Amino acid sequence: MTRTTRIDDLPLRDELRGKSPYGAPQLDVPVRLNTNENPYPLPEELVRRIAERVSDAARGLNRYPDRDAVGLRTALAGYLTETTGHRVGPTQVWAANGSNEILQQLLQAFGGPGRTALGFDPSYSMHALIARGTGTGWISGGRDAHDFTIDEPAAVDFITEQRPDVLFICSPNNPTGTAVAPETVRALYDAAQAAAKGRHGALVVVDEAYAEFSHRPSLLPMIEGRPNLVISRTMSKAFGAAGLRLGYLAADPALVDAVQLVRLPYHLSAVTQATAHAALEFSQTLLGYVEELKSERDRLVRELRAMDLEVTDSDANFVQFGRFADPHAFWEKVLEHGVLIRDNGVPGRLRVSVGTRAENDTFLDAVRAALKDTHEAAPESEERP
Ligand SMILES: Cc1ncc(COP(=O)(O)O)c(C=O)c1O
């Protein structure tokens with residue numbers, strides 16, 4: 001159909017005018033290390049198990065799926081209990097199409113017009129975008145400019161002053177890789193409750209999309225006795241199933257009841273539920289790949305530091321490095337050498353997702369070549385903020 005109008009001429013909500021949709025470039029490049037995907041395809045036995053489970057589900061596709069995904073939530077609760085040592089049941093777990101949908105449902109239920117959400121930038125930019133999409137005001141707090149940690153006393157003061165309705169803590173944080181200490185999460189949770197405008201406190205969302213890659217244990221046990229704390233997780237990273245679109249949360253059962261007020265009925269298809277179930281049966285195998293990726297991540301950190309680059313400590317399946325006078329020019333140079341990485345707009349920095357050993361070698365060679373081409377070098381020393 002030919003276009004008869006432009007987006008600006010539509011009766012669009014004012015806050016969406018002039019904005020662009022989220023998304024990294026999808027370029028056809030030999031080595032793609034830009035979206036924090038798991039580089040390993042699913043093992044063949046799992047592919048066969050998915051086919052079996054999906055065939056079973058296909059026989060019942062004339063019916064709507066299990067609306068509350070109780071079977072899948074039970075399996076997810078089992079996975080969380082097994083891997084964190086903290087017992088959770090299906091009433092404490094909720095699932096959706098990717099953790100982005102989990103975050104959207106949380107903001108639909110706890111954010112919205114007249115309410116605000118606060119996060120510590122640079123962080124996962126979808127937090128702010130989902131806030132915008134749900135009519136929630138966004139408040140941007142900062143991080144230490146050197147190591148990208150959250151400065152706890154400064155963050156407590158900022159929360160006390162801003163009084164957000166929803167607080168985002170991303171740990172490990174995307175794009176920096178930084179994990180947040182449990183004592184800091186406790187302090188920020190308490191500050192958010194004390195500062196909240198309403199008498200029911202504020203929602204605190206811990207985004208643990210990369211938890212399985214961390215040196216630190218999951219913050220999941222902290223949901224005990226903290227009814228306003230929610231842990232968001234995904235099968236996109238550690239499970240190597242970004243294409244599946246399956247995210248989940250763990251929280252007090254009352255919070256799970258609350259998100260059900262805003263979810264669309266039958267939001268998780270029977271095919272998605274069957275596939276996720278099959279992947280959970282293989283969690284031990286998939287977590288084996290995570291161990292390999294963690295050691296490759298640590299190798300990337302060492303090798304980049306050996307090139308005199310400044311590398312942020314990483315607890316995730318990606319590494320932030322710099323500093324470059326012109327990060328975008330450096331990003332382009334690395335691309336010319338056949339490797340797609342990410343320019344998240346963090347001053348002086350770029351981010352690379354951990355790939356297979358061979359992909360990482362290609363990336364490291366590309367960085368060496370790009371350093372030569374651009375004469376970029378990390379500064380000898382830098383001023384601390
Ligand atoms: C911190 C963080 N949270 C959530 C997501 C969303 O993941 P998904 O919707 O695939 O579960 C991502 C994806 O990159 C992420 O980096």
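A pocket here is an open set of points on a 1 Å grid over the protein atoms alone, with protein on both sides within 12 Å along at least five of seven lines, and a lining residue has an atom within 4 Å of a point. By that reading, the largest pocket of this predicted model is lined by 37 residues, and Y22, T35, Y124, K237 and R342 are the ones nearest its centre.

**The pocket and its ligand**

Let's stay with that pocket for a moment. Its volume comes to about 950 Å³. If you sort the lining by residue class, you get 14 nonpolar, 14 polar and nine charged residues. Helix α3 is the element that gives the most to this lining, with three residues.

What takes up space in the largest pocket? The ligand does: the space it takes is that pocket. Around the ligand there are 13 residues, and S99, D207, Y210, T234 and S236 come nearest. Helix α3, which runs over residues 98–110, turns up again here, giving three residues, the largest share of the shell around the ligand. As for character, the shell is made up of four nonpolar, six polar and three charged residues.

Now for the polar side chains that reach the ligand. The table sets out three of these pairs.

| Residue | Side-chain atom | Ligand atom | Distance |
|---|---|---|---|
| D207 | polar atom | nitrogen | 2.7 Å |
| Y210 | N or O atom | oxygen | 2.7 Å |
| K237 | polar atom | oxygen | 2.9 Å |

How much of the ligand does the protein cover? On its own the ligand has 390 Å² of accessible area, and the protein covers 94% of that. K237 is worth a second look, since this residue is among those nearest the centre of the largest pocket and also has a polar side-chain atom 2.9 Å from a ligand oxygen. D207 and Y210, for their part, are both among the residues that come nearest the ligand.

**Two cavities**

Apart from the pocket, how many cavities of 30 Å³ or more does the structure hold? There are two.

The largest cavity has a volume of about 70 Å³. Its lining consists of S171, P172, V180, P182, E208, A211, S214, R216, P217, S218 and L219. By class, that lining splits into six nonpolar, three polar and two charged residues.

The second largest cavity holds about 40 Å³ of space. Here the lining residues are G119, F120, S123, H127, R143, F168, I169 and C170. Two elements, β3 (116–120) and β5 (166–170), each give two or more residues to this lining. Of the elements, β5 gives the most, with three residues. The class split for this second lining is four nonpolar, three polar and one charged.

**Backbone oddities**

A bit of background before the details: most peptide bonds are trans, and most residues other than glycine have a negative phi. A few spots in this model go the other way.

Which peptide bonds are cis? One of them runs from D121 to P122, with omega near 0°. P122 is in the loop between β3 and α4, the helix spanning 126–133. Another cis peptide bond joins S171 and P172, where omega is about -10°. P172 belongs to the loop that lies between β5 and α6 (182–195). Both S171 and P172 are also on the list of residues lining the largest cavity, so to speak a place where two topics of this report meet.

Then there is F148, which isn't a glycine but still has a positive phi, about 65°. Where does F148 sit? You'll find F148 in the loop between β4 (137–141) and α5 (152–162).

How values were computed
Residues are numbered from 1 along each chain as its sequence is written. This is a predicted model: local features need pLDDT of at least 70, side-chain atom pairs count only at pLDDT 80 or more; totals for chains, interfaces and linings use all residues. Side-chain values use heavy atoms; hydrogens and water are left out. A residue is near a molecule or strand if one of its heavy atoms lies within 4 Å of it. A polar contact is a pair of N or O atoms within 3.5 Å; within protein, one must be able to donate a hydrogen and the other to accept it, and residues adjacent in sequence count only if both atoms are side-chain atoms. Accessible areas come from the Shrake-Rupley method with a 1.4 Å probe; for residues, only the protein chains shown count as cover. On a 1 Å grid over the protein atoms alone, a cavity is a set of points where a 1.4 Å probe fits but cannot get out, and a pocket is an open set with protein on both sides within 12 Å along at least five of seven lines; lining residues have an atom within 4 Å of a point. A molecule sits in a cavity or pocket if more than half of its atoms lie within 2 Å of its grid points. Helices (H or I, at least four residues) and strands (E, at least two) are DSSP runs, numbered from the N terminus. Ala, Val, Leu, Ile, Met, Phe, Trp, Tyr, Cys and Pro count as nonpolar, Asp, Glu, Lys and Arg as charged, and the others, Gly among them, as polar. Grid points are joined across faces, edges and corners, and a volume is the space filled by probe spheres set on the points.
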